[in-house]
Amino acid sequence: MTVLTTLAYLVASCLFIVGLKRLGSPRTARAGNRLASGGMLIAVVAALLENQILNPVELVAGLLVGGIIGVWLARKTEMTSMPELVAAFNGFGGAASALVAGAEMLRGSGTQMREIAASGETVSFVPDMGAGDLFIVALSVLIGLVTLSGSFVAYGKLRGRSLGSFPGIRLVSLLIAVGVIASIVLLIGTAGESSRMDEAVLFLGGLSILALALGVVLVLPIGGADMPVVVALLNASSGLAAAATGFVLGNVALVVSGALVGASGLILTRIMCEAMNRSLGNVLLGGFGADAAAA
Amino acid sequence: MDLSLLVVFVLASFLGFELISKVPATLHTPLMSGSNAISGITIVGAILVMGETGSPLAKWVGFAALVLATINVVGGFLVTDRMLEMFKPRVPAPEAVASAPEASNGVKA
C-alpha cells in the first residue's frame with residue numbers, strides 16, 4: 001500500500017465521519033450524504049490505483065453493471081417502498097463482504113502466489129492462512145451472509161408477503177448456530193495444511209449455507225411492523241461484515257468505515273426501538289409472545 | 001493479523017457510537033440508507049481482490065462481489081439523496097413571512 005492510497009483512505013474516512021454526523025440533522029442531511037458519496041469516490045479511485053489495473057475489462061464491466069443496476073433501482077423504486085430497497089441494498093453489501101473474504105481465502109496467500117506467478121508456474125491453490133486469518137474469514141462470511149438472507153426476509157415482509165414462521169423455529173436457530181460453530185472449528189482446523197485446501201473450501205461452503213439459513217430463521221419470527229428496526233440492525237451488521245473483511249485484507253479503509261457503520265447503526269437501532277417504546281430484546285424475541293398469543 | 005487495525009477498529013467504533021445522538025424520526029430511514037451506502041466500502045475490497053493473481057474461481061467470486069458492492073454504493077447514495085430531496089428548506093420561508101407581522105405587532109404594542 002503506497003503512502004498516497006493510505007492518505008486517500010484517510011480522507012475518505014474523514015468524509016464518512018462528517019457525512020454521518022450531518023446525516024443526523026434535517027438541514028445538513030443532504031449535504032452530508034453528498035460528502036459521504038464523495039468520500040466513496042475517493043476510496044474507489046485509490047483502490048483502483050492500488051489494484052494496478054490487472055483486470056481492466058472485468059473491473060470496468062463490474063463497475064458498469066453494478067452502477068447501472070444501482071441507478072435503475074434507485075430511480076424506479078417508489079417513495080413508499082424505500083425501506084424495502086434499503087433492506088435489499090443492505091443484503092447486497094453483506095453478500096459482497098462475504099464474497100470478498102471468500103475470494104481472499106480461495107486466492108490463498110498473497111505473497112506466495114505473487115512469487116509463483118512471477119516465476120511463471122501455474123498453481124491453483126497455495127493456502128498459508130493461519131488459524132487467526134481463517135477465523136476472520138469465517139466471521140466475515142458468517143456476518144455477511146446472515147445479513148444477506150436476513151435482509152431479504154425483511155424485504156419480503158416489508159412488501160407485505162406473509163412469510164410464515166413455524167413452531168420450534170427458535171430451536172432450529174439454535175441447532176443451526178451450533179452447526180455454524182462446528183463448521184468454523186473444522187475450517188480453522190485446516191490452518192497451515194496446504195494439502196487440505198479442498199476440505200477448507202468444503203467447510204467454508206457448509207458455513208455459507210448454514211449462515212444463509214441462520215439469517216432466515218432469525219428474522220422470520222419477527223413481526224412485520226418491527227421490520228424497520230430489524231433493517232437498522234442488519235445495516236449495523238453489514239458494517240461489521242465490511243470491517244471483518246477489512247481485517248482479512250489488512251485494509252484500513254474497510255475497518256474504519258465498517259466500524260463507523262456498525263457502531264452508529266447500533267445506536268440508530270436503539271433510537272428506533274426507543275421511539276416505539278420497546279427494547280431491542282423485546283423486538284427480536286417478540287415472536288415468542290406472538291406465538292403464544294396465536295396458540 | 002495486524003494489531004494496529006484492531007486499535008483503529010475499536011476507536012472508530014467509539015466514534016460511531018458518539019456520532020449519532022438525537023435523530024428526528026423522519027431522518028431514521030435516510031440515515032440508515034446513507035450509512036448502508038457507506039458500508040458498501042467493501043467495493044474497495046472487491047477491487048483489491050480482483051487485482052491479485054490467484055485462481056480463476058477467486059477472480060469470479062471477486063467479480064460478483066464487485067457488482068453487488070457497486071449496486072450497494074451507487075444505489076444507496078442515490079436513493080438517500082432522493083429521500084432527502086423532500087427535506088428542501090421551503091418550509092421555513094412561509095413561516096418567516098407569517099411571523100414577521102406578529103413581530104411588528106409586538107413592537108407596536
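What follows is a walk through a predicted model of two protein chains, A and B. We'll take each chain in turn, then look at where they meet, and finish with a few spots inside chain A.

Let's start with chain A. It has twelve helices and zero strands, so there is little to say about its order of elements beyond one α after another, as the pattern α-α-α-α-α-α-α-α-α-α-α-α puts it. Of its 295 residues, 50% count as buried. If you look at contacts in chain A with a separation of 6 or more, 73% of them come from residues 24 or more positions apart. The accessible surface of chain A is about 12600 Å², with 69% of that on carbon and sulfur atoms.

Chain B is helical as well: five helices, zero strands, running α-α-α-α-α along the sequence. It has 109 residues, and buried ones make up 49% of them. Take the contacts in chain B between residues at least 6 apart in sequence, and 68% turn out to join residues at least 24 apart. Its accessible surface comes to about 5100 Å², and 70% of this belongs to carbon and sulfur atoms.

Now bring the two together. The size of an interface is often given as the accessible area lost when the parts come together. Here, chain B and chain A bury about 7500 Å² between them, and 78% of that sits on carbon and sulfur atoms. The contact draws 97 residues from chain A and 76 residues from chain B. On the polar side of things, 13 residue pairs are in polar contact across the interface, counting pairs with both residues at pLDDT 80 or more.

Which elements of chain B give two or more residues to the side that touches chain A? They are helix H1 (3-19), helix H2 (28-38), helix H3 (42-50) and helix H4 (56-84). H4(B) gives the most, with 28 residues. Sorted by class, this side of chain B has 47 nonpolar, 22 polar and seven charged residues.

The charged pairs are worth a stop. Side chains of opposite charge can pair when their charged atoms come close. Over all chains, the structure has six salt bridges, and three are counted between chain B and chain A.

Look at B:Asp81 in particular. A:Arg34 forms a salt bridge with B:Asp81, the closest N and O atoms being 3.3 Å apart. A:Arg34 lies in helix H2 (residues 29-51) of chain A and B:Asp81 in helix H4 of chain B, so this pair joins two chains. The partners differ in cover: B:Asp81 counts as buried because its relative accessibility is 15%, under the 20% cut-off, while A:Arg34, at 47%, counts as partly exposed. B:Asp81 also forms a salt bridge with A:Arg30, where the closest N and O atoms are 3.0 Å apart.

Elsewhere on the interface, the side chains of A:Glu58 and B:Lys59 meet in a salt bridge of 3.0 Å, N to O. This pair crosses between chains too, from A:Glu58 in helix H3 (residues 56-76) of chain A to B:Lys59 in helix H4 of chain B. Here A:Glu58 is the buried partner at 17% relative accessibility, and B:Lys59 is partly exposed at 26%.

Back inside chain A, there's a salt bridge between A:Asp226 and A:Arg278, with the closest N and O atoms 3.2 Å apart. This one links distant parts of the chain, since the two residues are 52 residues apart. A:Asp226 is in the loop between helix H8 (197-219) and helix H9 (227-249), and A:Arg278 is in the loop between helix H10 (252-275) and helix H11 (280-284). A:Asp226 is buried, with a relative accessible area of 9%, whereas A:Arg278 is partly exposed at 27%. As for the cross-chain set, salt bridges that share partners join A:Arg30, A:Arg34 and B:Asp81 into one network.

One last residue to find is A:Leu158, in helix H6 (residues 131-158) of chain A. What does A:Leu158 touch, not counting residues up to four places away in sequence? The neighbours are A:Pro83, A:Glu84, A:Met227, A:Pro228 and A:Val231. With a relative accessible area of 21%, A:Leu158 is partly exposed. For a sense of scale, A:Leu158 and A:Val252 are 94 residues apart in sequence and 35 Å apart in space, C-alpha to C-alpha.

Key: Residues are numbered from 1 along each chain as its sequence is written. Chains are lettered from A and ligands numbered from 1 in the order in which they are written. Side-chain values use heavy atoms; hydrogens and water are left out. Contact means heavy atoms within 4.5 Å. Buried area is the accessible area (1.4 Å probe) that two parts lose on being put together, summed over both. A salt bridge is a side-chain nitrogen of Lys or Arg within 4 Å of a carboxyl oxygen of Asp or Glu. A polar contact is a pair of N or O atoms within 3.5 Å; within protein, one must be able to donate a hydrogen and the other to accept it, and residues adjacent in sequence count only if both atoms are side-chain atoms. Helices (H or I, at least four residues) and strands (E, at least two) are DSSP runs, numbered from the N terminus. Ala, Val, Leu, Ile, Met, Phe, Trp, Tyr, Cys and Pro count as nonpolar, Asp, Glu, Lys and Arg as charged, and the others, Gly among them, as polar. Buried means under 20% relative accessible area, exposed over 50%, partly exposed in between (1.4 Å probe, protein chains only). Accessible areas come from the Shrake-Rupley method with a 1.4 Å probe; for residues, only the protein chains shown count as cover.
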